Structure formats: structure tokens, C-alpha cells
Amino acid sequence: MERRSFLQLSALAGLGLSLPTAGILNSCSNHADHSLEFKKLTSNLLKDWCDGMLRVQINNPSNLEEHGALGCPSCSHIHGRCMDAVYPFLYMADVTGDKKYLEGAILVMGWAEHNVSQENGSWSVIPNPNSWKGITVFGAIALAEALHYHGHVLDAATRKAWTVRLEKAGQYIYDTFTIDFTNINYPGTAIYGLNLIGNIVKNDAFIAKSKTLAADVKLYFTENEGLLFGECKKSSKKLSVKGLHGVDLGYNVEETLNSLVMYALKVKDEELLQLVTKSLNSHLEFMLPDGAWDNSWGTRQYKWSYWGSRTCDGSQPAFGMMAHINPAFGTAAVKNTELLQRCTADGLIHGGPHFISHGVPPCVHHTFTHAKPLTALLDHWQHLPEINKNTALPRKNADGVTHFKDLDVSLFARGDWRGTVSAYDAEYHYKYDFRQATGGALGVLYHNKVGLLCAASMAVYQLVEKNNQQVQPGKDIALTPRIETYKGKQWYTNLFDLTANVSASDSNGEIELLTDVKLKNEAREVVAETASDFKIAYKCTVDEMNICVKTKQPIIENTAFVLPIASPTGEVVSWVNDDEITIQKPEGLVRIKANTAIKMKEIVGSRTFNMVPGVEAIPLEFFLDKSNKELSIAITVS
């Protein structure tokens, strides 16, 4: 794109970000009808969520530790960030005139001031003054947006008090945040936050600090694909043996890139706009055709909920506001919002597509964070570029293999098949050995006709953030397809192999991704006295997905390839023979046939369930032994 055209488009898109609502409404003409269809979806979903949050809001004036907070249907504690709901509540109060939303906003802010507000201007993540306070930046942005666009619905005293409180929060962020003091999503989000707050409270120092952080963040894009990195400890260092940075797609698309886009458009930072455009395009390669974010490989995959990340805001602003650069960005915003709607019940988002079918209650955290980006879109609607889903997502029409050098992750596509194979070795936190999809594992398998077939989980489900994750219901059975064996109680699997490598070929209509893997335990020790070295070949044609597993070493202990097939309760499973089963999905029949008997891991009921990414599955097992050291598993859809 020519420089002049890029700047003109950027200036148009950023115009409303510094204007009050009234100015926006008069600044541009209305969009086409199909764009208004997305506005209707966004408005209705936001109202549904706000009403759902009001239903769980605690109204108990005699108990200030609870009064005004949003109760959580799944968690035993109150989420300190529930004050983020002030922004969507105040928006709804403004556009509907309904006092219940204004009351909800005042109550939730009152709870925060009584329970998580600190003397230094911060808010803590739970009602414990010693808990994490970096989340102040998210609450401050929510309060700033609420005051900037809808503060006129408040009485003068409340508006003044909230503005004073906002400036204290801004001062904490100004004093505390540097580009590398923690994960990149915090300083990255502070870039927009400090500029916004600085303009509202007329503090030039905040605006100057924002500009400094914006200059610093330009060094946090990977060399080849321009992926935003820094979701690791410590963010400025390469931690992996392969020399790869810590990248998490969920946090990037749902939080940090939003801030960078909104800031860059507002101040017309052309260099940053060019960087985020490349980054958005690279991240978009991972969106599945149904609007899901494939974060099977991300460093913070433990918060992957298929539609995004559990405690982030949502990807709509970054992609919606940049749809003039690439119309597929608009498709991403629409398709992901549609997916969020499908995962919503009783006014709250559930943390994955099968929470409802498995009877798992939702965490309210998802709703009060994801309500904010929808509110932002609506506040900026009249100056947004046209947003619709008419342009195909990259993965919808993909064909062949795309290798992301900065991740050692490969995407493949042939016919209706879509898949992800990961040998990414960057880890989030040295204290945890939870393992996102790696070790040459199949992170995702998807078919355009029937949808999701495989989705990786944590190798071992752990509460990496105990205040922000739900407890795993039932037995923890990993959903990532894998080879595994046991020696006593020790579990060995390729999911613990950070040294795996993957090679790809594409000839005569067949894609093959060949992985060399070792079976290791959580201490990264290779299994002894039985086969440890395996090859897994993922072969894909238009008609069939085939998984081949083999070894040249003696197999002494029971060794199996485990293939959990995503399938919500209610889908009919039929055993055709010992080596063949079918699963009837709404849009087609999935057939799985092997060269050995098909078993099922021991589970209670017909399905297992994993919180990451919120999917029910049928955990199939295919055993290797002394006489059968090679497996072949064929998957077809009709």
C-alpha cells in the first residue's frame, strides 16, 4: 500500500478515538446494510451479557465485602476485575436510558473501592492488598472509556470522584510500568491506556510515557512473521533452546494488539501501524473458518478457550478498526463474535464450545472482559470502516503447508482439512511443566464440513493462575493427540519432548508432515527399556486424513497413540467393527478406521472434558506392541 493512502485511511479510522460520542455520530455517513447486520449482532449480544451480569450482581448492603460485586457461577471467590463492567454498564445506561445499568455501574465501582482499591492508586486482582496489581491498566482503561463517552449520565459528584480515582490509577501505571517489567500485554496495553487517561485528566507526563512505551514496543515483533512476542518470563529474553521468543496468540489478539492499533490510529504512528498490520495478518493465519482462535501452541495456552483467552478482552477492536487495510480483518471480527454468541447461555459466555453440553457453569470473568471490546466498537461505530464477513479468512481457502519459522509451527490445508502441527519449544513459566501443544503434536484438526475434530489441551491441567482458571471437572485426560507409555506411575509422552522436529512435503496431492519425537516424562527424561524414538506422519489428501506412527525399537511396555475426537454429548457413536467407528455430526459422518483394534481410555460416561479449550471428546486409543510396531489411522468425512 502506498504511504499516502495508508496514512489517509489510518487518519480516517482514528478520527473518532479522540472525539466524544456526539462528534462521532455526526462525523461520517452510515454504512451498508450488511455492516449494520454486524452492529445488530454486537448490540444484542452486549445487551444479553449486561443483563446476564446484572443477574449475578450481588446486592447486599449489609456486607460490603460482596455488595456490588459480580458473583461467579463457577468460582468460590469474587473476581477483583469485575469493576471492568463499569464501561459496558455505563454505555447501556446511556443508550437505553434504563436506570438498572447505571445502578449496576455505580455498585460495581463501589465494591472495587471498598475491596481492591489501594493507596498507591492501583487495584488488586483479588481482595488481598498483596496480590497482583498490574491489572490496574485494564480497569483504568474501562473507567476512562466510560467517563469519556458516557460520563454525562453520572451526577456531577460521582463523575468528579471517578475522574480523581482515574488519575490516581494513571499515576500508578506511569510510576510502575516499563516495557519489560512483566508480560508484554501489560506495558503494551498501557500504551493506549496512558494516552487515553492523559488526555482525559490533562496530564502531559502520561502522554509522554505512552509515546516512550510505543517506541519501545516496536522491538517486540518477531523477525520473520512479525508476531508480537513477550508472553513469557522475562519478556525481553529468548528462553527456548531453539532460540524462539515467547508468543501467545490469545493474549496478542485479544489484548495487546487492540491497544497498539487504537493508539497508532489515534496518534497516526505510521511505523507502528505498518508493524501491527503485518502482525495482524500473521495472527489471522491461525483463525479457523468458524471464527475460533487456534492457540493450541501458545505460551499461555492454559487460558485458551477456543474463542480466545479466558481473561482477555476480545479481538474485535484491532481487527474491526483495521478492516480498511484488509477486509478479512472485518470477517475475523464478525466470525469471532458469532462464535462468542454460540458459547453464550443465560447471558454469560461459557469458556468453550462444549461447556453447555457438559454441564459446566461459566466463569463470569469471560463476560465482563469481553463486553468491553463490543462496547468500544459500538462507541466508534460511525467512523469504523465497513465490517462484514464477505471476505474469506486465510484458512478458509488455504492449500498446502505454511511453516512459521518464528514458532516452528506448521499449518496444513488440503480440500476441507485444516490442521496444526507444533514443535514450538518456548515455555511461559519455569515453575510449571504443563505443556501446550508441542513435541510434533497435532494441535488442531478441523474439517470445513463438520468443524472441530481435535484440539490440544494442557498435557497436565494445572492452575497456573488459580484466581483466573476453573477447576478441571472429572478426570484430567489430555486432549492433545499423542504417543504415550507408562512405567509404573511415570507417564512418558512426546508432549514433553521439546527437541522434536518436523519436516514437510507436498507432492501428488498428498501433504505429509513427518515428525521425529521421543517419549519423555515431565522431568524431560527419555523412557528406558522400551521404545522411545518414534516417527509420526500426518498425511492429508482431499479425501482423507491419515496418522501413521512407527518405531524401529523394541516395544516392551504398553504403548498407545491416543486420539481424542472432539464430540459434544448427543452425537451418536457407532462401532462398525473392532477397528472402525463412526461419529454422526450435524453436518456429516466422521469415520475412523485403523489397522488395529480401537479402544477407549477409561472415562466416566460417554465423554471426557477438558477446560482447555473447553471441549468434550471421545478419547480413542490405538495400541502398539511387539508384533505391531506401526499404526495407521484413517479419518474420513462424508
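Which residues lie nearest the centre of the largest cavity? Keep that in mind as you click around, and remember that this is a predicted model.

**Stop 1: the cavity**

Select Ile141, Tyr192, Asn258, Met262 and Asp313: those are the ones nearest the centre, out of 16 residues that line the largest cavity. Now colour α6 (136-150), α8 (185-201), α10 (249-267) and α15 (364-379), the elements that each give two or more residues to that lining. The volume here is about 200 Å³. If you colour the lining by class, you'll get 9 nonpolar, 3 polar and 4 charged residues. A search of the whole structure turns up 3 cavities of 30 Å³ or more, so feel free to look around before moving on.

**Stop 2: strand β5**

Next, select residues 417-422, which make up β5. This strand is mostly covered, with 6 of its 6 residues buried. Show the side chains: in a regular strand they alternate between the two faces of the sheet. Here, Trp417, Gly419 and Val421 point one way, while Arg418, Thr420 and Ser422 point the other way, and all are buried.

**Stop 3: the neighbours of β5**

Add β4 (residues 409-414), which runs antiparallel to β5 and is joined to it by 6 bridges. Between these two strands the hairpin has 2 residues, and Gly415 takes a positive phi near 60°.

Then bring in β6 (residues 441-447), antiparallel to β5 and linked to it by 6 bridges. Finish by centring on Gly419: in β4, its bridge partner is Phe412, and in β6 it stands opposite Leu445.

How values were computed:
Residues are numbered from 1 along each chain as its sequence is written. This is a predicted model: local features need pLDDT of at least 70, side-chain atom pairs count only at pLDDT 80 or more; totals for chains, interfaces and linings use all residues. Side-chain values use heavy atoms; hydrogens and water are left out. On a 1 Å grid over the protein atoms alone, a cavity is a set of points where a 1.4 Å probe fits but cannot get out, and a pocket is an open set with protein on both sides within 12 Å along at least five of seven lines; lining residues have an atom within 4 Å of a point. Grid points are joined across faces, edges and corners, and a volume is the space filled by probe spheres set on the points. Helices (H or I, at least four residues) and strands (E, at least two) are DSSP runs, numbered from the N terminus. Ala, Val, Leu, Ile, Met, Phe, Trp, Tyr, Cys and Pro count as nonpolar, Asp, Glu, Lys and Arg as charged, and the others, Gly among them, as polar. Buried means under 20% relative accessible area, exposed over 50%, partly exposed in between (1.4 Å probe, protein chains only). Two strands pair if DSSP finds at least two bridges between them.
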